[in-house]
Amino acid sequence: MGRVRTIVPDSRRLELSDGDWMVVKRRLTAGERKSVTQSLMLRTAADGTRSHDYLSFTFDSVLVYVLEWSLSDSKGKTLPITRATLENLDEADFDELEKAVDAHEAEMKQEIAEAKKAHGETTAA
């Protein structure tokens with residue numbers, strides 16, 4: 001029998017500043033990754049100009065990972081995990097979430113590469 005090629009759902013808690021945290025997916029499926037990447041496709045505006053949607057990509061790259069978090073409003077109520085919530089965060093707070101997800105993603109890529117190497121598989125660049 002060959003290796004298992006599907007993603008087994010698993011999560012990891014990332015600690016943030018001021019005692020906050022978020023629980024993220026350890027790995028994304030191909031569909032989740034492609035969905036985020038689609039944000040970078042060229043868009044054509046009404047005037048014919050073409051551009052990438054970096055704004056959507058930025059928010060989608062965080063949202064696709066987050067399963068749960070401790071972020072709360074001024075009354076202590078947990079904030080919903082939505083793009084609108086991310087857009088309404090203080091810029092420094094969003095940057096912290098984005099950097100935490102980026103670091104997590106880099107760690108997971110390294111973990112996958114090491115596992116493949118240990119099993120004698122080649123890794124794609």
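Helices here are DSSP runs of at least four residues, numbered from the N terminus, and in this predicted model Glu91 belongs to one of them, helix H4. The secondary structure of the chain as a whole consists of four helices and five strands. Their order along the sequence is β-β-α-β-β-α-β-α-α.

The overall dimensions were examined next. The radius of gyration of the chain is 17 Å, whereas a compact globule of 125 residues would have a value near 14 Å. Along the principal axes, the C-alpha atoms occupy a box of roughly 50 × 45 × 20 Å. Buried residues make up 25% of the 125 in the chain. Among contacts with a separation of 6 or more, 49% join residues 24 or more positions apart. The exposed surface of the chain comes to about 8800 Å², and 51% of this area is supplied by carbon and sulfur atoms. The chain carries 18 positive and 23 negative charges, and the mean positions of the two sets lie 9 Å apart.

Near the start of the sequence, strand E1 (11-15) and strand E2 (21-25) are joined by a loop that contains Asp18. Asp18 is not a glycine, yet its phi is positive, at about 55 degrees. The relative accessible area of Asp18 is 76%, and this residue therefore counts as exposed, the cut-off for that class being over 50%.

A second loop residue, Ser70, is located between E5 and H3. In contrast to Asp18, which is exposed, Ser70 has a relative accessible area of 16% and is buried. When residues up to four places away in sequence are not counted, Ser70 touches Gly19, Asp20 and Trp21. With Trp21 there is also a polar pairing: a polar atom of the Ser70 side chain lies 2.9 Å from the backbone nitrogen of Trp21.

Helix H2 spans residues 54-63, and its buried residues are Ser56, Phe59, Ser61 and Val62. The cover over these buried residues includes helix H1 (30-38), strand E5 (66-69), H3 and H4. An α-helix has 3.6 residues a turn, so residues three or four places apart point the same way. Ser56 and Phe59, both buried, belong to this helix.

Helix H3 covers residues 83-88 and includes Thr85. The relative accessibility of Thr85 is 10%, so this residue counts as buried, given that the class is defined as under 20%. Beyond its neighbours within four places in sequence, Thr85 is in contact with Trp69, Leu79 and Pro80. A polar atom of the Thr85 side chain is placed 2.8 Å from the backbone oxygen of Pro80. Thr85 and Ser70 thus each count as buried, and the side chain of each has a polar atom close to a backbone atom, the oxygen of Pro80 for Thr85 and the nitrogen of Trp21 for Ser70.

Helix H4 extends over residues 91-118, and four of its residues were considered in order of sequence. Glu91 has a relative accessible area of 61% and is exposed. The C-alpha atoms of Glu91 and Asp60 are 16 Å apart in space, with their positions 31 residues apart in sequence. Asp93, also in helix H4, is partly exposed at 38% relative accessibility. Asp93 and Leu16 are separated by 77 residues in sequence, while the C-alpha to C-alpha distance is 9.5 Å.

Further along helix H4 is Asp102, which has a relative accessible area of 41% and is partly exposed. Asp102 and Tyr65 are 37 residues apart in sequence, and their C-alpha atoms are 10 Å apart. Gln110, another residue of helix H4, counts as partly exposed at 45% relative accessibility. The C-alpha atom of Gln110 is separated by 30 Å from that of Glu87, a residue 23 positions away along the chain.

Terms used. Residues numbered from 1 in each chain as written. Predicted model: local features only at pLDDT ≥ 70, side-chain atom pairs only at ≥ 80, totals over all residues. Heavy atoms only, no water. Helix = DSSP H or I, 4+ residues; strand = E, 2+ residues; numbered from the N terminus. Rg over C-alpha atoms; globule rule 2.2 N^0.38 Å. Buried < 20%, exposed > 50% of the residue type's maximum accessible area, 1.4 Å probe, protein only. Contact = heavy atoms within 4.5 Å. Areas by Shrake-Rupley, 256 points an atom, 1.4 Å probe, with all protein chains shown as cover. Lys, Arg positive; Asp, Glu negative; His and termini not counted. Charge placed at Lys NZ, Arg CZ, Asp CG, Glu CD. Polar contact = N/O pair within 3.5 Å; in protein donor to acceptor, adjacent residues only side chain to side chain.
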